Amino acid sequence: MPDGLHGEPDRQKCRGFAPKGVGVEWFGPDLGECPPGKTDLTGGFRVSKSDVDVVVVGAGFAGMYLLHELRANGFSSRVLEAGDDVGGTWYWNRYPGARCDISTTDYSYTWDPELHDQWTWSEKHAAQPEILKYAQFVAKKHDLYSGIDFNVKVTGAVWNDSTKRWTINASTGETITARHYVMATGCLSVPKDPDIPGTDRYQGPVYVTGRWPHEGVDFTGKRVAVIGTGSSSIQSIPHIAAQASELVVFQRTPNYSMPAFNGPQPADRVARLKGDRKAYEAEARLSSAGVPMEMPTVSALGVSRDEAFAMLEKSWQKGELLAIGATFMDVGTNREANEVICDFMRSKIKEVVKDPETAELLSPRGHAYGTKRPCMDTNYFQTFNLPHVRLVDLRKKPITSITETGIEFGDESKDFDAIVYATGFDAMTGAIVNVDITGKNGLTLKKKWEHGPLTYLGLTSVGFPNFYMITGPGSPSVLSNMMVSIEQHVEWIRDTLVDLREAGFDTIEATPVAEEGWRVHCTDCADITLFQDTNSWYMGANVPGKPRVLFPYIGGVGRYRQTCDEVRARGYLGFELSGSGKAQRNDGIVRQVQPDVDMVLEMMAQMGLPSMDSMSPAEARAFSEASSAMRPPGPEVGEMIDGTLPGAGGPLEYRLYRPATKGPHPVVVYFHGGGWVFGSHVSDDPLCRDLCKNADVLIVSVNYRHAPEDRFPAAADDGYAALQWVAANAASLGGDPSRIAVAGWSAGGNVAAVAAQLARDNGGPSLKGQLLLTPVTDGSRQHGSHHENADGFILTKSLMEWFWNHYADESDRSHPKASPLLASNLAGLPPAMVVTAQFDPLRDEGDAYARALMGAGVPVEHLQARGHIHTSITMVDALPSGKPPRAQMAAALRRFLA
Ligand SMILES: Cc1cc2nc3c(=O)[nH]c(=O)nc-3n(C[C@H](O)[C@H](O)[C@H](O)COP(=O)(O)OP(=O)(O)OC[C@H]3O[C@@H](n4cnc5c(N)ncnc54)[C@H](O)[C@@H]3O)c2cc1C
């Protein structure tokens, strides 16, 4: 790197001698004291304007890049920073051993391509001084220092709805007005106060990892206490132990940590970067966590334990933060799969730590891997083999008080020469709500976020026009390589400001509908993961009184970026814009499909699969069978028996699913999906197993005749014939003949609904209930959802046409045996559960059937599955979001058949 750019910044500052409302900084050579009473604002003095386009708070990597982009696009700005240099995290966290744990190949700016040649990282995981130097280097290279006011803490900001500007109050007494206000205040910039009694009493030196003295600390020969075992302590403990005469580590919750194997940057990544940097960066931006990774395709439960451990060992040896978690596809959503990693990590601790009791104490139990930030270390666990290092389990020996000379814990009292608090951060929202931010109608952000942060895209918040957060709650943020996330947010804000200016708008504000939609989407994403089960700082659980929600967005960096881009491309969907004499409100919700369903849709789109309605029935059947062969099998049941029963036109195959519990069980006659054209008695196997197990019912899944070979009313007649046979033979099948219900999915839901009507009209059998999952109920296909959800959700409008064309003549379609909704009378039918899916062409006809049944006095439970598509609820063990509706379906069957 060139000399002169890599050293300490040579800026000098003076303040407090300019006219009111104007801050002045000196950027010339060191003149010593500022001239008293100086008001001449020429020469080497820079006038800091008190009214600008944009005020940015924070001069970490986010604030620095934003300043660069604002300048490049002609916006006037002020960047206000509490510290006295750039770097943010890397300015404040100077504790020994502080390093990045995302590899420097990835933890670097990408916006200035020259940097790649001008800066060479010395290590894979660079230490804090080197990262700080990098920030300083960039700041000097791009003259950023001249745009930043250091030692200025922002204390408040108020939106003025008449002037459409923010007024920002600084600790210096200065007031600045700005059209736009950006919090680039960092997610981990406010150390959490230790909630331990007596902290004020201690007379010796106290250190906080997130506010470490710039001159460093010498612990040589000292008795030192470290409180906390998160990432900062895991990095610093080996260094402190190397100096201290005695080290006691106070641990509340052990953490998963893996060795960093630090050294030069990984050769494979360097080679990929050198080979095609642009492609590498593009991959990072569209990846799940901001680092190019191969997406796992193997379940941790789909291989033997030995194989799983061998695969994890390979990931372990990479020394990359994300490698272990990316070994298997299901560790984020399946506790059992996650436990395989936990076991592996614990086995590693046992290998290293000699004292078995200490090893056990250091072994995390009770929280899933990845639901607390995993750590990377250099000799952390080894440190506990040293004779002068002791681990105290705070769960057994809580600290009762800090004293004047040391710490009282359990039944012990011990003196220390220094105490180190490594008690973490008030993460994600701490720095934002530390500033008194008042939006429209006197609403403060702190008050609005009382029960959890509410944002649109993690970037904006309703009631706070022209206010933006970088890596705020509701964005991938701390669940990503932050460099990628920071750059994406800066660029989105920059582009938005440019768009507003070009279109003549002065303000932008999210709409309540969009914000609520984003909250729901974030919750949907969180709900399918294991995060919510763990008390972590991701969940706000480390700060007493903080609302307990998953603060970052877990949907992935790439998907999030696409969402932000889409919002902009769709004319700022979910935003209200206004300017002199003009306004635009483009209300709407950007992500409504369940996140796991969305991923499947995207995967299928990428695979470019042919549409089934372009195939012959034989081809469609083969295609459907091949797809079914790849899905998870569903839960174990007690027994499965295949057989045949007499149908209306000949024998029909069936599969019986018996629960493992003691019978006789109530019986459900089940009809599969497949548009009357494909599918069989085994094609809905996972769903049948799931219902059998969770409803504790015996299921007989029947293979009715298929079109076009056997057209209407073959399927309907077979369905009713099968129901009659099963009812007559229930006892010999091991079922209870007095408790029988029908169930079916899609075309099978149609067959089930028709069978229930035929049973009512033809003297039995008497049914206790009907479960209809996204059923076909009306051959007219006139319902709005056929148009609204015509394409893009697997079952398309044209595929439905194809099914009907194969199954029934137009003239037959209004017959109640084809369209149960059109039956003249629905009274007297058994209680029903009707499940419809939001993004299903069949949604409205299913909803209409539920309403019509209710209107006829039939007890109905109507579940409108939000964010689901026609097929998603049947995808057992593949889509976690289908589990709650299936649980409701099982509960309904239990109720019907109680
Ligand atoms: C020890 C540690 C290690 C980390 N390692 C990694 C890693 O390996 N990979 C990764 O992706 N991320 C890592 N992070 C996260 C890290 O915070 C981000 O990568 C990144 O540095 C954040 O940059 P930022 O500019 O958004 O925020 P920060 O760097 O936190 O900067 C925010 C700045 O805002 C200033 N500020 C806050 N409030 C005010 C106010 N009211 N008035 C004035 N100024 C204010 C602060 O002083 C600070 O300088 C780590 C964090 C820590 C603490």
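In the predicted model, an oxygen atom of the ligand lies 2.6 Å from a polar backbone atom of Asp101. A second backbone contact involves Ile102, with a backbone N or O atom 3.0 Å from an oxygen atom of the ligand. On the nitrogen side, a ligand nitrogen atom is placed 3.1 Å from a polar backbone atom of Ala82. The ligand taken alone exposes 970 Å², and 95% of that area is buried by the protein. Three elements give two or more residues each to the shell around the ligand, namely α1 (61-72), α2 (89-92) and α14 (482-503). Of these, α2 provides the largest share, with 3 residues. The ligand has 33 residues around it, of which Glu81, Thr89, Asp101, Tyr107 and Met482 come nearest. Asp101 thus appears both among these nearest residues and as a backbone contact of a ligand oxygen. By class, the shell consists of 19 nonpolar, 11 polar and 3 charged residues.

Aromatic pairs were examined next. The count of such pairs in the model comes to 47. In one of them, Tyr456 and Phe575, the ring centres are 5.0 Å apart and the planes meet at 55 degrees, so the pair is classed as tilted. An angle of 55 degrees falls short of the edge-to-face class because that class requires planes over 60 degrees apart. Tyr456 sits in the loop between α13 (445-448) and β20 (467-469), whereas Phe575 belongs to strand β22 (residues 575-579), so this pair ties together parts that are 119 residues apart in sequence. Both Tyr456 and Phe575 are buried. A further pair is formed by Trp492 and Tyr572, with ring centres 6.1 Å apart and planes at 70 degrees, so this pair is edge-to-face. The pair also links distant parts of the chain, as Trp492 is in helix α14 and Tyr572 is in the loop between α16 (557-569) and β22, 80 residues away. Trp492 and Tyr572 are both buried. Helix α14, which holds Trp492, is also one of the elements that give two or more residues to the ligand shell.

A single aromatic cluster is made up of Phe61, Tyr65, Trp90, Tyr107, Tyr109, Trp111, Trp119, Trp121, Tyr134 and Phe137. One member of this cluster, Tyr107, is also among the residues that come nearest to the ligand.

With respect to cysteines, the structure holds 0 disulfides. A disulfide is a covalent bond between the sulfur atoms of two cysteines. For Cys342, the nearest cysteine sulfur is that of Cys375, 14 Å away, and Cys342 is in no disulfide. Likewise, Cys375 is in no disulfide, its nearest cysteine sulfur being that of Cys342 at 14 Å. The pair does not qualify because the sulfur atoms of a disulfide must be within 2.5 Å. Both residues are buried: the relative accessible area is 0% for Cys342 and 2% for Cys375.

Several backbone features were also noted. Most residues other than glycine have a negative phi, and most peptide bonds are trans. Against this background, the bond joining Ala707 and Pro708 is cis, with omega about 5 degrees. Pro708 is located in the loop between β27 (698-702) and α20 (714-729). That loop also contains Pro713, and the peptide bond from Phe712 to Pro713 is again cis, with omega near 5 degrees.

Positive phi values occur at Ser477 and Thr774. Ser477, a residue other than glycine, has phi near 45 degrees and lies in the loop between β20 and α14. The residue is buried, with a relative accessible area of 0%. Thr774 has a positive phi near 40 degrees and is found in the loop between β29 (769-773) and α22 (784-788). At 2% relative accessibility, Thr774 also counts as buried.

A side-chain contact to the backbone involves Ser819, which is placed in the loop between α23 (797-807) and β30 (832-839). A polar atom of the Ser819 side chain lies 2.7 Å from the backbone nitrogen of Gly779. Ser819 counts as buried, at 0% relative accessibility.

Key
Residues numbered from 1 in each chain as written. Heavy atoms only, no water. Near = heavy atom within 4 Å. Polar contact = N/O pair within 3.5 Å; in protein donor to acceptor, adjacent residues only side chain to side chain. Areas by Shrake-Rupley, 256 points an atom, 1.4 Å probe, with all protein chains shown as cover. Helix = DSSP H or I, 4+ residues; strand = E, 2+ residues; numbered from the N terminus. Nonpolar A, V, L, I, M, F, W, Y, C, P; charged D, E, K, R; others polar. Buried < 20%, exposed > 50% of the residue type's maximum accessible area, 1.4 Å probe, protein only. Phe/Tyr/Trp six-rings, centres within 6.5 Å; stacked < 30°, edge-to-face > 60°.
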